[in-house]
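Trainee: Could you take one part of this model and walk me through it closely? I'd be glad of the cut-offs along the way.

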Amino acid sequence: MSERPHPLFELTRARLLEFVREPEAVFWVFVFPVLLALALGIAFRSRPQDTVRVAVVEDASAAALASALDAGAGIEARVVSPADAAEALRKGRVDLAVEAEGDAAPGALPRRLVCRFDPSRAESRLARLAVETALRRARGLDDGTAVRDEAVDTPGSRYIDFLIPGLVGLNLMGSGMYGVGFVLVVARTRKLLKRFAATPMRRSHYLLSYGLSRLVFLIVEVAAVVGAGWVLFGVAVRGSWLDLALISVLGAGSFVGLGLLIAARTKTIEAASGWMNLIQLPMWLLSGTFFSYERFPESVWPAIRALPLTALNDALRAVTNDGASLASAGVEIVVLLAWGAVSFAIALRIFRWQ
């Protein structure tokens, strides 16, 4: 008789086969880290290493000042209007805004500067030091330039003001997709949907009930994050609360549609989890929840803006921080409606009870 394999060998082989036969496990162990490194590498290497972005407020000496800063190592300076500088600083497009203080000769470097930035952001503090170093090199170490710091802490201009609407959008995406998709797949695995097939209930009524049920939790979800931001950090909603609610409903509906689409045919929890994570992964990284998507190359901005989470985040920030109206977020609303309607229509068409 041939010698039998050792039990430890057979058991180890069985565990390896179990792992390889689970696509979700393979994705999270091997594929997800690579995708994460790739996306973050593109986001933070689309500009030269350690580059800080500086907005130079337009005036007689702005061109000379921008040229001197651009000559400094790791500084990207551009001349903009005062309103554009304030908006860019508020939305995280630049790390620092620089403006000449007092009269300056045309084409000459100003003797007095004011630097506006959020001191709570490490990038802004780095930009402040880089600007001073570049000016000293441009004029000599003992140039005598007076630089005055002006902390930007007005509502809508801080990083926390940028973060809170992004967290609302992220929460709506997670609850909309997981809260609907998983429940539907669990009902299928437990053979509950098979029983519903014998009733006169329409598929559209059954699927719509999931979306409508999410509206009850929507109020609590949005109120919890926005309320915590207001109480703890003073993040105020500068726009209409009704507009904020309507955008949140549209965003939740869009992700509910995606959740229904994933669960329309899926038979196992593992498969549903893998599909949901695969769909959400690009939006976690690209849609500007924790940092502006403008860090990515400009050529991919249109594709990023076409994602539902990007549209939701942009619309929420416009209402919360800028006090914009619902009409001003027309493009974002169209994107959310398109994702929700198309996803629900396809889910309704391919849905099976068993």
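What span should the 21 residues of helix α13 (residues 330-350) have at 1.5 Å a residue, and how far apart are its end C-alpha atoms?

Mentor: Happy to. This is a predicted model, where local features need pLDDT of at least 70 and side-chain atom pairs count only at pLDDT 80 or more, while totals for chains, interfaces and linings use all residues. Residues are numbered from 1 along each chain as its sequence is written, and side-chain values use heavy atoms, leaving out hydrogens and water.

Now to your helix. Helices here are DSSP runs (H or I, at least four residues), numbered from the N terminus. The expected span is 1.5 Å times one less than the number of residues. For the 21 residues of α13 that gives 30 Å, and the end C-alpha atoms are 30 Å apart, which agrees.

Next, its sides. The buried residues of α13 (under 20% relative accessible area, 1.4 Å probe, protein chains only) are Glu332, Ile333, Val335, Leu336, Gly340, Ser343, Phe344 and Ala347. Seen down the axis of α13, these buried residues fall within an arc of 165 degrees, so they line one face of the helix; the arc is taken from the directions from the helix axis to the C-beta atoms. Turned away from that buried side is a face carrying Val331, Val334 and Arg349, which are exposed (over 50%, with partly exposed in between).

As for partners, the buried residues of α13 pack against α8 (203-233), α9 (241-263), α11 (301-305) and α12 (308-322), where contact means heavy atoms within 4.5 Å.

How values were computed. Helix = DSSP H or I, 4+ residues; strand = E, 2+ residues; numbered from the N terminus.
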